[in-house]
Amino acid sequence: MKKLLMATAATALLASAASAEEIKLGVLLGFTGPAESLAPDMSEGIKLAVSEVSDSGKFLDGTTVSTVVGDSTCVDAAAAVAAGERQVTSDKVVGIIGALCSGATGAVFQSVALPNGIVMISPSATSPGLTTMEDDGLFFRASPSDARQGQIMTEVIMERGLKEVAVTYTNNDYGKGLADAFASAFTEAGGTVTVSVAHEDGKADYSAEVGAMASAGGEALVVVGYLDQGGPGIIRAALDTGAFDLFVLPDAMVGDSISDKFGDEIEGSFGQVPGTDSPGTGMLAELGAAAGYTGDAPYAPESYDAAALMLLAMQSAGSTDSSVYKDHVMKVANAPGEQIFPGELEKALEILAEGGEIDYVGGSAVELIEPGESAGNYREIEIKGGVFETVKYR
């Protein structure tokens, strides 16, 4: 009898293992290129959410989840599209988290995700152009549009009593989109943009660009660039020539690599990055520390949230089919329902499995507005004592 029971249990275990599914999510971030220092913490945030869901055993009757990682590079659209195509056609992913930068995100979505009917959620693409692109309800982002950041940056600058600024922007969708949004908001508020100069990433010499901005003047230089390539080159040239010593740093210029490079040389420089003082941010910082990464690093909370939203939408829909679960992303992101914070994904899965409703708050106080992007919370930062410090939240 004992042998029979053991055999029956073993048979049941094998049957369960045979019927258990595994799905794959594509992780497509700029691990190389002008924002590469942001990618590791973002990637770890995604992996943490995926592990939390997969290890719970509560996701879609025991379905497990793994990730397939690709490099979108930020600046090489062809490489980003090729990486996305591999994930969809070869790896058979059921959704893509990414990309990191706006240009790569738009390219992958238009060339890969949209034609194949795959949901794509970016943690960090912010170009206003992504708001209006035709997406068949398949594209979402856990970050706000730069139309919102332009307004926030205007408020931050004006409150410091500055009325004239020069602007330089990286010559791509992100750079031009934010520069235009800021110029519009700043001018409407009574400020003056003395000059707006594009720059290319990866150059050895930015003296020409800085010279043009120095001639136009301004109380500060707004650097709409990337923290690992063009942005630092612009700042170094401006400091070395004495053209500017006060810099306004938008989201893609906020990170330890900037403070490590310049320290108190740019003391008093300031800016903003998406962020919130909601309880979820602190919770994710603790979870990240336990997992060996910086959970509240720029765009790391949004990365955890992007993965969580995708998987919770699948649970809500009872399906991993993008054409089905795409209609559940905003449903799980917003009220009504029980609020869900980082570390509570198993509870969320249980509520959804029982037919209940959730309001996913996550690490970035997620609230999605049409057409599927974050309403926008920002952390104002300033270089004090050579390092980034939080001034307040907006």
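## Close-ups of helix H8 and a disulfide

**View 1. Helix H8, residues 207-216, has Glu209, Val210 and Met213 as buried residues.** Keep in mind that this is a predicted model. Where do the buried residues of H8 sit when you look down its axis? They fall within an arc of 95 degrees, so they line one face of the helix. Here's the background: an α-helix has 3.6 residues a turn, so residues three or four places apart point the same way.

**View 2. Flip to the face of H8 turned away from its buried side, and you'll find Ala208 and Ser215.** Both of these residues are exposed. Just after the helix comes Gly217. Its phi is positive, near 80 degrees.

**View 3. The buried residues of H8 have plenty to pack against.** Their partners include three strands: S6 (164-170), S7 (192-199) and S8 (220-224). Helix H9 (230-241) is a partner too.

**View 4. Cys74 and Cys101 form the one disulfide in the structure.** Their sulfur atoms are 1.8 Å apart, and the link is right-handed, with 60 degrees about the S-S bond. What does the pair tie together? Cys74 lies in the loop between strand S2 (64-71) and helix H3 (77-90), while Cys101 lies in the loop between strand S3 (96-98) and helix H4 (102-116), so the link joins parts that are 27 residues apart in sequence. In case the term is new, a disulfide is a covalent bond between the sulfur atoms of two cysteines.

**View 5. Now zoom in on each cysteine: is Cys74 buried or exposed?** Cys74 counts as buried because its relative accessibility is 6%, below the 20% cut-off. Cys101 is buried as well, with a relative accessible area of 3%.

Technical notes. Residues are numbered from 1 along each chain as its sequence is written. This is a predicted model: local features need pLDDT of at least 70, side-chain atom pairs count only at pLDDT 80 or more; totals for chains, interfaces and linings use all residues. Side-chain values use heavy atoms; hydrogens and water are left out. A disulfide is a pair of cysteine sulfur atoms within 2.5 Å. Helices (H or I, at least four residues) and strands (E, at least two) are DSSP runs, numbered from the N terminus. Buried means under 20% relative accessible area, exposed over 50%, partly exposed in between (1.4 Å probe, protein chains only). The arc is that of the directions from the helix axis to the C-beta atoms. Contact means heavy atoms within 4.5 Å.
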